[in-house]
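Student: Please put the model in front of us, and let us then work through it carefully, one question at a time.

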Amino acid sequence: MAKTLDIEQLRAETPGCATGTHFNHAGSSLASNTVLAAVTEHLRRESLYGPMEAAANAAGLIDEVRADAAGLVGATSAEIAFASSGSAAWGLAFAALPPLVADDRILVGRQEWGGNLSTMQAAAKRAGARIETIPANEDGSVDANALANMIDDRVRLVALTWLPANGGLINDAAAIGKVTRAAGVPYFIDAAQALGQLPVDVGAIGCDMLKGSGRKFLRGPRGVAVLYLRKAFLEKLEPAYLDVLSASWGEDRPNVRTDAQRFETSEKPIALLLGLGAALKQARHLGVDVIRQRIKDLSGQLRDQLGSIPGVTVQDLGTEKSGLVSFTVAGVAPQTIRSKLAEKQIAIAANGIPYTPLDMTARCLTEIARASVSYLNTTDEIDRLCDHIAALAQQAA
């Protein structure tokens, strides 16, 4: 018998479900009471016994968090590091690559996250290297065959944002991995919107680095992120800076760790990591495949209802789609839509060009409204959201 989710119980255990209608899970989702308790209980222990002492006593629990993060993505604990954000995790890995030189090439998907692009562009400009966009298939996804034809001995990195921030597209990360593995080119994946929403298997994907935030579909706290680094690839990286944790001092030199913790420091947000651990355990207990199916069903319903409203255009690309639903309303700016819905205690997002500049520019879009669906959402909430959007569209007509 297929596993089902007890949505009523899950919502009862999530305080935010009682205060409004949340459709911004791709920005930051709603934490459960269990996550909240994990964070606050550790803060209480810090206040009673001291932060250093509380951290030492929680060392075994942090090991469990690392193991659960590894289990979520099909890695080993030695391949997992924690960072303060997805951007920090991505930047740490990028900064540890061999320096770029003139005429080096970085190949990116059209939906690459704007922050990653800025980091790559700054490094490329300093070195005289260049960034090139991989052509897209008809459905907007990155074309793995086109990528294969672009590979030469000057390619230093292939970067992919798996699920872009500006819509429901899901890129074929494994198809890109087959190309990079065959060519021996490093492959970075931004999985910010994938962790907790889609099943992830880094071995099957073939990536060298994958990162994702705790605050999105995992429903963990802000301020923590997961960084996966493939063991054989990890050995080739040189961290931009070291710490007494990442490299203890030997007789006359630092002894750099051989695991992913070479990218961590001794100063960690222990309370937030324990909150992340609670979120990871819940996601694995519920089953990410089950979560994926519910999100797929609900987001499909939302797309259908939005598409039936006069004046509303669903802007999602892709053959297989995620829980991020992007749309525009004729005559109403996305930021206005977001503000008007916020007055009704309905949370959505509005994304502009800086988030996904290559894709937005290619599609002649300046901004989109985005409603992102969690397994916590209900059909009644979808109806409520669509009723208010229909009213906005009718007023603008």
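Student: In which loop is arginine 110 found?

Tutor: This is a predicted model, in which local features need pLDDT of at least 70 and side-chain atom pairs count only at pLDDT 80 or more, while totals for chains, interfaces and linings use all residues. Residues are numbered from 1 along each chain as its sequence is written, and side-chain values use heavy atoms, with hydrogens and water left out. Helices (H or I, at least four residues) and strands (E, at least two) are DSSP runs numbered from the N terminus. With those names, arginine 110 belongs to the loop between β3 (105–108) and α6 (114–127).

Student: Is arginine 110 buried or exposed?

Tutor: A residue is called buried under 20% relative accessible area, exposed over 50%, and partly exposed in between, with a 1.4 Å probe and protein chains only. The relative accessible area of arginine 110 is 19%, and therefore this residue counts as buried.

Student: Which residue has a side chain joined to that of arginine 110 by a polar contact?

Tutor: Contact means heavy atoms within 4.5 Å, and, leaving aside residues up to four places away in sequence, arginine 110 touches a list that includes Thr133, Ile134, Leu317, Asp359 and Arg363. A polar contact is stricter: a pair of N or O atoms within 3.5 Å, where, within protein, one must be able to donate a hydrogen and the other to accept it, and residues adjacent in sequence count only if both atoms are side-chain atoms. At 2.8 Å, the side chain of arginine 110 makes such a contact with the side chain of aspartate 359.

Student: Where does glutamate 132 lie, and with which side chain does the side chain of glutamate 132 make a polar contact?

Tutor: Glutamate 132 is part of strand β4, and its relative accessible area of 18% is why it counts as buried. Among the residues that it touches, not counting those up to four places away in sequence, are Arg105, Leu107 and Met150. The polar contact, at 2.8 Å, is with the side chain of arginine 130.

Student: Which are the edge strands of the open sheet of 7 strands?

Tutor: In this sheet the strands follow the order β2-β8-β7-β6-β5-β3-β4, with mixed pairing, where two strands pair if DSSP finds at least two bridges between them. An edge strand here pairs on one side only, and the two that do so are β2 (80–83) and β4 (130–133).

Student: Which residue of β7 does isoleucine 189 stand opposite?

Tutor: Strands of a sheet pair through backbone hydrogen bonds, either parallel or antiparallel. β6 and β7 (residues 209–213) run parallel and are joined by 3 bridges. The residue opposite isoleucine 189 is leucine 210.

Student: At about what angle does α8 run to β6?

Tutor: Axes are lines fitted to C-alpha atoms, for helices over the stretch in contact, and angles run from 0 to 180 degrees between N-to-C directions. α8 lies across both β5 and β6. Its angle to β6 is about 165 degrees.

Student: Over what arc are the buried residues of helix α8 spread?

Tutor: In α8 (residues 173–183), the buried residues are Ala173, Ile176, Gly177, Val179 and Thr180. The arc is that of the directions from the helix axis to the C-beta atoms, and these residues are on the same side of α8 because they cover an arc of only 165 degrees.

Student: Which residues are exposed on the other side of α8?

Tutor: The buried residues of α8 are covered by elements including α7 (144–150), β5 (155–161), β6 (187–190) and α9 (202–205). On the other side, the exposed residues are Lys178 and Ala182.

Student: In β12, which residue is the bridge partner of threonine 313?

Tutor: The open sheet of 4 strands has the order β11-β12-β15-β14, with antiparallel pairing. Within this sheet, β11 and β12 (residues 324–329) pair over 3 bridges. The partner of threonine 313 is threonine 328.

Student: What is the relative accessibility of cysteine 364?

Tutor: Cysteine 364 is found in the loop between α14 (357–362) and β15, and its phi is near 55 degrees, a positive value in a residue other than glycine. Cysteine 364 counts as exposed, because its relative accessibility is 70%.
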